[in-house]
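Trainee: I'd like to go through this model with you, mainly its cysteines and a few backbone angles. Shall we take a look?

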Amino acid sequence: MEDIATSAGRFIRDHMPEQHRAFFAMLPFVVIAGGDEKGRPWVTLLAGEDGFIESPDSRTLTVAARLDARDPLASALGCAADIGLLGIELATRRRNRANGVIRPAGDAFVIDVRQSFGNCPQYIREREWRRVAPSPGADAVVSDRLDAAQRARILAADTFFIGSGFGSNSDHVTGGESPSRGYDASHRGGEPGFVRVDAEGTLHIPDYAGNNFFNTIGNLLRDPRVGLLFVDFATGGMLQITGRARIDWAPAGSHDPNAKRMIEVAVERVVDRPAALALRWHREDEPPRRLRVIDKVAESERITSFLLADAESAALDPFEAGQHLAIELEVPQRPGRVGRSYSLSGTPFAETYRLSVKREQDGTASRFLHDRVAVGDHIEARRPSGDFVLPRRRCPLVLVSAGVGITPVLSMLHAVVAENAGRPVWFVHGTRDGGTHAFRAEVEALVAGSDGVVRRTFYSAPRASDTAGVDYDTKGRITAGDLLALEAGPEACYLLCGPAGFLADLSAGLEAGGVSPGRIDFETFGPRG
């Protein structure tokens, strides 16, 4: 866990990249986690009219909205307060997170951002939203336990938000401000029923492999107080809960045998606010598409590709190079469907999709795909989505990946080679050795058949059978210095994909070397489970 925290810490910026600023400015709502006057964590949604969030600079957000007086965070946000912020687009699975200090400014708020980081796409239920006329809403129902109707709503939920941490008003901070204070707002999703409530009213929340930032668990180890928010997407109601969490590191006999950990939340306070929001959401009407596996190819020791076509031989939805596909699997002994998002690794001009999946030792979905899914089997999937795509401007491209992070940038390489515009491209990939080196022959063929593409391959621990100058170019890991040495020029765009620590080091090094943050785009990943 310490290694994960160190890696995540390097990945966090002290400012918002341009794409994060633009993303927050287009949202109809944001999720806020903070503490009340007693230091108890709560989570809420802050919504407003179009354009209610603006970003005048890379460290500031202005929010033209106020919380209802019945919200448990309303009084706390009346003065400067620490918050965690989550921007999430439920229709596309895109999300960005930040934390900082929120302070009132007339009829609005100003958020001074201290930390900002993006998240890789994970399984988030797709929902479209619409506005409705504001309603005075019913009075909040406040209690110290969940009633039967509230338990039923939690059992039916496929999405909720969780807040953890502590602020300057917390009894965990004494003798001045703590440098580690702050809140984290995060999303959790699964099939309805993935959160259970036992007879004593304790919530049981599964935590799976792939929680690579570990923010929530890390916070709860320091301070077990936690806030939860369950949104009634059809009615705009909010069920807000604060309580204390205990981590069961080896859950046995739980409702979800695939959970690596179980967060058990003892409820201390409940605020139930019907029709609190002037927003409504609905699930997309069209069902997931049924795809047939028409080929299965081992690309390396741990990466296997699945070639997919429409089960009824219809044309597939187009995608942009770099986007991902959200799939749904029926895994034996797993309640509900297992959802995961994987990058599309093939050319966007093919009549098929290709997913290339690394087998994770503890991964529910990846092990099922590798071990159980065969040619002729079916997988259900949503439309391709994601905004980690080739830049619209015609700049020289530096495509950089580590391990299975090659998948979206390989698709980008296919696209630029097919474009045949002669634009300078550097394809830089790092892996451990020849046994883990996926797509070597495919990349070599693309480079050989193109104008202006240069390939650089790094092996961190080459085998005795791996030959320098033949199998790989450089022994070691990719560094920012290696990328700057390419001399791609000030107009170059850098697209990076790999683990959080890898991206953190490269991004920081490129910026220190004079590359504009606006010319660096990235997508991170962790064990996907």
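Trainee: Is the link of C395 and C493 left-handed or right-handed?

Mentor: Happy to help! A quick note on the source: this is a predicted model, where local features need pLDDT of at least 70, side-chain atom pairs count only at pLDDT 80 or more, and totals for chains, interfaces and linings use all residues. Residues are numbered from 1 along each chain as its sequence is written, and side-chain values use heavy atoms, with hydrogens and water left out. The angle about the S-S bond is -120°, and the link of C395 and C493 is left-handed.

Trainee: How far apart in residues are C395 and C493, and where are they?

Mentor: Strands here are DSSP runs of E, at least two residues, and helices are runs of H or I, at least four, numbered from the N terminus. C395 sits in the loop between β23 (378-381) and β24 (397-402), while C493 belongs to strand β28 (residues 493-498). The pair links distant parts of the chain, at a separation of 98 residues.

Trainee: What is the distance between the sulfur atoms of C395 and C493?

Mentor: A disulfide is a pair of cysteine sulfur atoms within 2.5 Å. C395 and C493 form one, with their sulfur atoms separated by 2.2 Å.

Trainee: Is S313 buried or exposed?

Mentor: Buried means under 20% relative accessible area, exposed over 50%, and partly exposed in between (1.4 Å probe, protein chains only). S313 is found in the loop between β19 (303-310) and β20 (324-329), and its phi is near 65°, a positive value in a residue other than glycine. Because its relative accessible area is 65%, S313 is exposed.
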